[in-house]
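Trainee: Please take a close look at one part of this model, the place where the two chains meet, and take me through what is there.

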Number of protein chains: 2
Amino acid sequence: MLLPIILSGGAGTRLWPVSREAHPKPFMRIGGGKSLFAQTYERAMAIADQCAPLIVTNREYYFRSRDELAAQAVKPHYLLEPTGRNTAPAITVAALWAARQDDDACLLAMPADHLITDTEAFLKAAQHAELLARDGFIGLFGIRPTTPETGFGYIEMGDNVSQQAHAVRRFVEKPDAATAAAYLAQGNYVWNSGIFCFKASVIVAALAACNPALLEAARAVLDATRAEGDKTELGAAFSQLESISIDYAVMEKAQNIAVVPAEFGWSDMGAWDAVSDMIPADDHGNTSNTSSNGQPIFIDSRNTYVDSRDRLVAAIGLDNLLVIDTPDALLVADKSRSQEVRQVVSQLKASGHEAHKIHRTALRPWGTYTVLGEGPGFKIKRVLVKPGQALSLQMHHHRSEHWVIVSGTANITVDDSTVLMSQNQSTYIPIGAKHRLANPGITDLVLIEVQCGSYLGEDDIVRFSDAYGRV
Amino acid sequence: MLLPIILSGGAGTRLWPVSREAHPKPFMRIGGGKSLFAQTYERAMAIADQCAPLIVTNREYYFRSRDELAAQAVKPHYLLEPTGRNTAPAITVAALWAARQDDDACLLAMPADHLITDTEAFLKAAQHAELLARDGFIGLFGIRPTTPETGFGYIEMGDNVSQQAHAVRRFVEKPDAATAAAYLAQGNYVWNSGIFCFKASVIVAALAACNPALLEAARAVLDATRAEGDKTELGAAFSQLESISIDYAVMEKAQNIAVVPAEFGWSDMGAWDAVSDMIPADDHGNTSNTSSNGQPIFIDSRNTYVDSRDRLVAAIGLDNLLVIDTPDALLVADKSRSQEVRQVVSQLKASGHEAHKIHRTALRPWGTYTVLGEGPGFKIKRVLVKPGQALSLQMHHHRSEHWVIVSGTANITVDDSTVLMSQNQSTYIPIGAKHRLANPGITDLVLIEVQCGSYLGEDDIVRFSDAYGRV
């Protein structure tokens with residue numbers, strides 16, 4: 001039996017404007033409606049059977065992650081990082097956490113932001129890797145290359161160490177196009193998938209040999225924390241750990257590494273060209289991911305990818321382009337320049353533009369809100385509260401709020417009185433009034449909030465009590 | 001003295017998605033913030049001095065046109081068409097209307113959807129044309145070609161008929177590229193601008209000779225109507241007039257035609273490539289027309305035009321593209337395929353999609369409304385009422401409305417009571433209540449309307465009285 005360790009990080013800046021700091025790549029919905037994170041969890045559960053996977057993620061994504069897994073019978077445990085420190089600290093802490101329960105536990109480390117279309121083949125590869133791990137190897141999943149890809153690291157495979165696995169001759173960095181073509185032709189190179197299988201005791205021993213400082217510092221961080229319910233919040237000292245990948249920290253130094261070459265419809269979804277490649281194309285190579293406004297109108301266009309949720313898109317005479325449309329930002333790019341999308345994010349960060357960080361719809365533990373419009377002295381939001389959830393008991397110094405309920409049922413507290421309201425009813429929250437909004441029902445509560453005031457920033461909030469520990 | 005006749009029609013389907021049936025090309029704002037219509041009127045006033053121009057337009061655009069000219073001291077008279085019938089019927093009715101006052105009146109027919117950047121040169125050309133008109137000619141403005149344009153009709157010029165003007169040797173249809181290049185090289189070809197100057201009596205005589213049926217039918221239409229205030233509403237019989245251009249109906253047949261070749265920074269703004277050409281480009285040939293979200297981010301892109309009012313746009317590796325962004329529809333096209341935009345409009349019409357017809361913001365005689373969002377059982381609008389204006393006294397069978405005032409002052413009537421409300425106040429209009437919203441103030445009134453009901457179509461309205469004759 002394998003214990004899955006899901007590494008849920010990765011901003012995915014090359015997938016802007018859909019991916020943003022507050023809505024990173026693991027939560028993107030590609031290919032089938034479920035997020036990459038939720039799909040990864042389902043794969044993990046197919047391997048883990050009834051054992052609860054471990055998720056290592058940023059504390060900012062805790063509530064969001066729980067929401068994504070709301071329908072799952074078996075819940076994971078969360079190791080929450082105060083800041084991301086690359087894969088080595090995450091895997092080290094996870095291995096130490098697992099070793100506490102069982103030093104011989106066999107762990108499968110999986111990034112949460114990859115797409116795998118052939119789950120059966122993945123499970124088969126995992127079985128091979130588990131056998132290797134039980135024999136004391138650190139098993140790596142190597143993907144048999146299908147194209148001379150320059151965006152991945154490669155592994156040169158040596159002799160067989162088992163029927164299914166090979167020794168590692170060397171790791172190689174992202175190659176240029178000619179080198180990549182040579183690797184593809186040679187046949188003994190595979191892509192480094194970033195998916196690993198090992199016994200807790202084995203990776204700890206490898207860390208002790210290759211990077212003892214990191215191991216000891218990580219142990220100290222873990223020793224200083226205690227699980228609360230389904231989560232363990234790693235302390236501020238975690239942010240002092242060396243930010244280094246597990247490849248550099250261990251894999252490229254240790255001797256007991258083996259590769260399991262496999263094919264299971266893997267994509268790292270690193271940039272928009274990779275996303276486009278995973279979607280069935282029409283006769284002209286065009287692909288799209290759209291919803292409410294239907295299919296794009298393609299006129300004499302080829303190999304073009306359109307991603308749009310709300311807007312009608314028409315394309316005329318386009319070739320090999322990306323059109324990525326979101327409510328507040330639009331990207332149009334040559335598909336072969338997909339990697340350069342991160343430059344846009346850098347520019348936005350440098351200029352202080354919020355569009356690198358947040359979407360117009362913000363997620364909260366209790367639901368979501370969407371800014372529908374604003375102007376001098378007012379702001380309009382659509383607020384959705386999930387069944388059984390409640391906002392904090394709060395107060396604003398600079399704004400009053402008008403609420404009109406458009407669906408569901410609300411329990412509304414204003415100062416000392418609480419009333420139950422439903423569709424087509426409205427109320428008013430004066431400046432300075434203590435108030436709380438809760439959904440006591442079993443369907444979503446949706447209301448329109450019109451804020452009036454001289455200052456309408458999100459930080460004008462005084463919280464008195466909160467179900468999510470945000471006071 | 002010249003009497004300007006402004007022909008304000010032209011759907012501008014090649015300028016979708018900015019231009020739509022309810023927001024046609026003359027009302028587009030390009031180059032300097034004012035609409036093409038308003039810019040045309042200013043040129044007309046520079047010619048007309050204190051004489052009131054005549055505007056021929058669709059009755060649907062009457063209030064909108066008046067709004068555009070609200071700041072003008074001299075107001076025009078409107079001839080309102082029930083449906084557009086091309087230029088010949090419009091010019092014929094206008095000439096007959098002018099001839100009633102003065103048979104010798106000298107008219108200058110100007111399309112409202114052209115851009116002219118050199119007003120001085122235009123006025124000079126108009127003076128030459130007026131001299132010709134006084135001599136009994138129909139004077140045409142011919143634009144000296146600067147490129148081998150295939151999108152315009154050409155005029156081959158013959159001998160001089162005055163120092164500034166030439167006889168017409170022949171009119172030629174839109175040429176192919178080789179022919180256009182030959183015309184450009186020959187030097188005696190000009191573009192047909194669609195701007196004409198003639199005495200009322202002369203065009204009426206030309207019509208009597210070339211197309212007597214149209215003349216008599218148009219006279220009957222005009223005889224059956226009477227001016228009311230600043231407008232003359234042409235009757236339904238107008239829609240029976242032959243739909244034909246003035247070129248076909250008169251110019252290509254009459255003998256007394258003369259061309260005034262001129263250069264005054266003219267563009268017909270026929271398609272997005274022409275729009276892009278009129279905007280100063282950066283070092284890489286990129287142009288843009290943006291507002292609230294600032295300049296687009298261009299990364300290694302060339303000759304690309306971005307038009308976006310609300311959204312941040314990033315472009316990577318683009319060459320010779322158009323990106324035209326509106327709140328509900330987006331066009332991305334190869335600039336050299338600008339003419340094919342009309343195909344998108346045809347497809348939208350065929351599929352019954354509203355995006356060929358209306359924008360998310362709708363104009364009304366009293367102001368505007370914008371749909372901010374909708375869902376099952378609710379719709380949210382931002383409503384703006386101009387100072388001194390009022391909506392009709394109305395009632396809805398299927399919806400109630402919640403109003404929150406976010407700026408300005410409102411006079412709100414519900415059944416028998418009327419109250420004055422201002423910012424941060426709200427009210428409720430139950431289903432079936434007779435109500436009216438008015439702005440008694442001197443600043444815009446802005447309110448957020450949340451509609452609740454099982455049916456939320458615009459046609460659920462019973463009007464009892466209306467200041468704009470819409471009962």
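**The interface between chain A and chain B**

Mentor: In this predicted model, strand β19 (residues 329–334) of chain A runs parallel to strand β17 (residues 312–316) of chain B, and five bridges join the two. One residue to find on the chain A strand is A:L331, whose bridge partner in β17(B) is B:A314.

That strand pair belongs to a wider contact, to which chain A gives 53 residues and chain B likewise 53 residues. Between them, the two chains bury about 4,300 Å², and carbon and sulfur atoms account for 64% of that area.

Charged and polar pairs come next. The count of salt bridges between chain B and chain A is two. A:R337 makes a salt bridge with B:D300, where the closest N and O atoms lie 2.6 Å apart. Across the interface there are also 25 residue pairs in polar contact, with both residues at pLDDT 80 or more. On the side of chain B that touches chain A, strand β19 (residues 329–334) of chain B gives the most, with six residues. Sorted by class, that side of chain B has 32 nonpolar, 13 polar and eight charged residues.

Within chain A, look also at A:N320, in the loop between β17 (312–316) and β18 (321–325). Its contacts beyond four places in sequence include A:R302, A:N303 and A:T304, as well as A:A333 and A:D334. A:N320 counts as partly exposed because its relative accessible area is 26%, which falls between the limits of 20% for buried and 50% for exposed. A:I380 is 60 residues from A:N320 along the chain, and their C-alpha atoms are separated by 39 Å.

Note on methods
Residues are numbered from 1 along each chain as its sequence is written. Chains are lettered from A and ligands numbered from 1 in the order in which they are written. This is a predicted model: local features need pLDDT of at least 70, side-chain atom pairs count only at pLDDT 80 or more; totals for chains, interfaces and linings use all residues. Side-chain values use heavy atoms; hydrogens and water are left out. Contact means heavy atoms within 4.5 Å. Buried area is the accessible area (1.4 Å probe) that two parts lose on being put together, summed over both. A salt bridge is a side-chain nitrogen of Lys or Arg within 4 Å of a carboxyl oxygen of Asp or Glu. A polar contact is a pair of N or O atoms within 3.5 Å; within protein, one must be able to donate a hydrogen and the other to accept it, and residues adjacent in sequence count only if both atoms are side-chain atoms. Helices (H or I, at least four residues) and strands (E, at least two) are DSSP runs, numbered from the N terminus. Ala, Val, Leu, Ile, Met, Phe, Trp, Tyr, Cys and Pro count as nonpolar, Asp, Glu, Lys and Arg as charged, and the others, Gly among them, as polar. Two strands pair if DSSP finds at least two bridges between them. Buried means under 20% relative accessible area, exposed over 50%, partly exposed in between (1.4 Å probe, protein chains only).
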